[in-house]
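Please examine the sequence and the structure shown below. The paragraphs that follow explain some of the links and contacts within the chain.

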Amino acid sequence: IPDVRAGRLAAITWLTPPLKYSEHPPESECLGQNWTVEQINAIMSSPDWNSTVIVVLWDDFGGFYDHVAPPSQGTYRLGPRVPAIVISPWSRSHDIDHRTFDFSSIVKYVEQQYRLPHLDHYDRSVASIGGMLDLNQKPLAPMVLKPRTCPKSIPGPFTY
């Protein structure tokens, strides 16, 4: 947030929340969501908004039931679906992309956007997240959200 406010946000920035805001049990999902909203609101309220693509994703599927069986492509390729949200003034409004993506889909988009050479060994057949954007549309206005009021923490069965 200080980098955003000072106009020093790097062209490519990866944000990982501190454990307290990670939404991993036993941490609060509400506090984690508020942390994410705060980061996104800072960008949406800045001059950087019109040139930004934000990808919100989780590192796993969270153990929740999914009615779609994971594709079988080997030990380290694909698995249970992971939620992802692409937020940008260029996002296709009300669009759900049903193509298969993996974490490399973000890398592929960055390579394409910045015309970078392909340096990694991931499968080049992955879909780029670029298809979720429409650079010809009228840019969408920011939608600054209010943080939620979080319930007091309730001790659960999880321990580390």
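Cys30 and Cys150 are joined by a disulfide, and their sulfur atoms lie 2.1 Å apart in this predicted model. A disulfide is a covalent bond between the sulfur atoms of two cysteines. The pair connects distant parts of the chain, for Cys30 belongs to helix 2 while Cys150 lies in the segment after helix 3 (104-113), and 120 residues separate the two. The structure has 1 disulfide.

Is this disulfide left-handed or right-handed? The torsion about the S-S bond of Cys30 and Cys150 is about -85°, and the disulfide is therefore left-handed.

The two cysteines may next be considered in terms of their exposure. Cys30 has a relative accessible area of 5% and is therefore buried, because buried means under 20%. Cys150 has a relative accessible area of 24% and is partly exposed, because that term covers the range between under 20% and over 50%.

Helix 2, which spans residues 29-44, also contains Asn34. Which residues does Asn34 touch, if those up to four places away in sequence are not counted? They are Pro147, Arg148 and Cys150. Asn34 in helix 2 thus touches Cys150, the cysteine that forms the disulfide with Cys30. With Arg148 there is also a polar contact: a polar atom of the side chain of Asn34 lies 2.8 Å from the backbone nitrogen of Arg148. Asn34 has a relative accessibility of 15%, so this residue counts as buried.

The discussion now turns to charged side chains. Side chains of opposite charge can pair when their charged atoms come close. How many salt bridges does the structure hold? There are 2 salt bridges.

One of them links Arg8 with Asp3, and the closest N and O atoms of this pair are 3.1 Å apart. Arg8 is exposed, because its relative accessible area is 53%, and exposed means over 50%. Asp3 has a relative accessible area of 37% and is accordingly partly exposed.

Another salt bridge is formed by Asp97 and Arg99, whose closest N and O atoms are 2.8 Å apart. Asp97 is partly exposed, since its relative accessible area is 22%. Arg99, with a relative accessibility of 39%, also counts as partly exposed.

How values were computed
Residues numbered from 1 in each chain as written. Predicted model: local features only at pLDDT ≥ 70, side-chain atom pairs only at ≥ 80, totals over all residues. Heavy atoms only, no water. Helix = DSSP H or I, 4+ residues; strand = E, 2+ residues; numbered from the N terminus. Buried < 20%, exposed > 50% of the residue type's maximum accessible area, 1.4 Å probe, protein only. Polar contact = N/O pair within 3.5 Å; in protein donor to acceptor, adjacent residues only side chain to side chain. Contact = heavy atoms within 4.5 Å. Disulfide = S-S within 2.5 Å. Salt bridge = Lys/Arg side-chain N within 4 Å of Asp/Glu carboxyl O.
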